[in-house]
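Grab a pencil and work through these exercises with the viewer open. Each one sets a task and then walks through a solution.

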Amino acid sequence: MMHTLCKYADETELVVSDIIKNENGEETIRVIFERPMEYGFDTIIFELPSYRIITKDGKYTDEEIEIFKTVVERSAPHFYRIAREGGMESA
């Protein structure tokens, strides 16, 4: 399940997944930034706990990506709580 946390002024949505198992059987979550565009979406997907970008598609600028990295790094404990407890109403 996915949990929408906020929507930024440029229409980018911040979404966090429930805890999932990766190919190695480790618990991970995905933090997704997605903005609708005329023909699709700009998308950046981070995987925690590695903090690596696993999907980068569209026209987010390097500056925007750096901001997203900062959000992910600073908010990881909050994202894990949401993933474990089932959304904002539980956090």
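**Exercise 1. Strand 2 and its partners**

Task: Work out whether strand 2 is enclosed or open, and find which strands pair with strand 2.

Solution. Keep in mind that you're looking at a predicted model.

Step 1: count the buried residues. Strand 2 covers residues 13–17, and four of its five residues are buried, so the rest of the structure largely encloses this strand.

Step 2: look to one side. Strand 1 (residues 2–7) runs antiparallel to strand 2, and five bridges join them. Cysteine 6, for instance, has leucine 14 as its bridge partner in strand 2.

Step 3: look for another partner. Strand 4 also pairs with strand 2 in the antiparallel sense, over four bridges. Here leucine 14 turns up again, with phenylalanine 33 as its bridge partner in strand 4.

Step 4: pick one residue and list what surrounds it. Skipping neighbours within four places in sequence, valine 16 is in contact with Met1, Met2, His3, Leu5, Ile29, Arg30, Val31, Phe79 and Ala83.

**Exercise 2. The overall layout**

Task: Write down the order of helices and strands along the chain, then decide how the radius of gyration fits a compact globule.

Solution.

Step 1: count the elements. You should get one helix and six strands. Along the sequence they follow β-β-β-β-β-β-α.

Step 2: check the size. A compact globule of 91 residues would have a radius of gyration near 12 Å; this chain has 13 Å, which agrees. Its C-alpha trace spans about 35 × 30 × 25 Å along the principal axes.

Step 3: add burial and surface. Of the 91 residues, 35% count as buried. The accessible surface comes to about 5700 Å², and carbon and sulfur atoms hold 50% of that.

Step 4: ask how far apart in sequence the contacts reach. Take contacts between residues at least 6 apart: 30% of them join residues at least 24 apart.

**Exercise 3. Inside the core**

Task: Find which residues of the largest nonpolar core touch the most other members, and which element supplies the largest share.

Solution.

Step 1: locate the hubs. The largest nonpolar core has 18 residues, and Val16, Ile29, Val31, Phe33, Phe46, Leu48 and Phe79 touch the most other members.

Step 2: sort the core by element. Strand 2, strand 4, strand 5 and helix 1 (62–85) each supply at least two residues. Helix 1 gives the largest share of this core, with eight residues.

**Exercise 4. Aromatic pairs**

Task: Classify the ring pair of phenylalanine 33 and phenylalanine 46, then do likewise for tyrosine 60 and phenylalanine 68.

Solution.

Step 1: start with the total. A search of the whole structure turns up three aromatic pairs.

Step 2: take the Phe33–Phe46 pair. The centres are 6.0 Å apart with 80° between the planes, an edge-to-face arrangement. Phenylalanine 33 sits in strand 4 (residues 27–37) and phenylalanine 46 in strand 5, so this pair ties together parts 13 residues apart in sequence. Both phenylalanines are buried.

Step 3: move on to tyrosine 60 and phenylalanine 68. Their ring centres are 5.0 Å apart and the planes stand at 90°, so this pair is edge-to-face. Burial needs under 20% relative accessible area. Tyrosine 60, at 7%, counts as buried, and phenylalanine 68, at 6%, is buried as well.

Step 4: put the rings together. Ring pairs link Phe33, Phe46, Tyr60 and Phe68 into a cluster.

**Exercise 5. Unusual backbone spots**

Task: Find where the cis peptide bond is, and which residues in the hairpin turns have a positive phi.

Solution.

Step 1: check omega. A cis peptide bond joins leucine 48 and proline 49, with omega about 15°. Proline 49 belongs to the loop between strand 5 and strand 6.

Step 2: stay in that loop. Strand 5 (residues 40–48) and strand 6 (residues 52–57) pair antiparallel over five bridges, including the one between threonine 43 and aspartate 57. Three residues separate the strands of this hairpin, and tyrosine 51 in the turn has a positive phi of about 65°. Tyrosine 51 is partly exposed, at 36% relative accessible area.

Step 3: jump to the hairpin of strand 1 and strand 2. It has five residues between the strands, and glutamate 11 takes a positive phi near 80°. Glutamate 11 is a residue other than glycine with such a value, and it is partly exposed at 37%.

Technical notes. Residues numbered from 1 in each chain as written. Predicted model: local features only at pLDDT ≥ 70, side-chain atom pairs only at ≥ 80, totals over all residues. Heavy atoms only, no water. Pairing = 2+ DSSP bridges. Phe/Tyr/Trp six-rings, centres within 6.5 Å; stacked < 30°, edge-to-face > 60°. Buried < 20%, exposed > 50% of the residue type's maximum accessible area, 1.4 Å probe, protein only. Rg over C-alpha atoms; globule rule 2.2 N^0.38 Å. Contact = heavy atoms within 4.5 Å. Areas by Shrake-Rupley, 256 points an atom, 1.4 Å probe, with all protein chains shown as cover. Core = buried A, V, L, I, M, F, W, Y, C linked by side-chain atoms within 4.5 Å.
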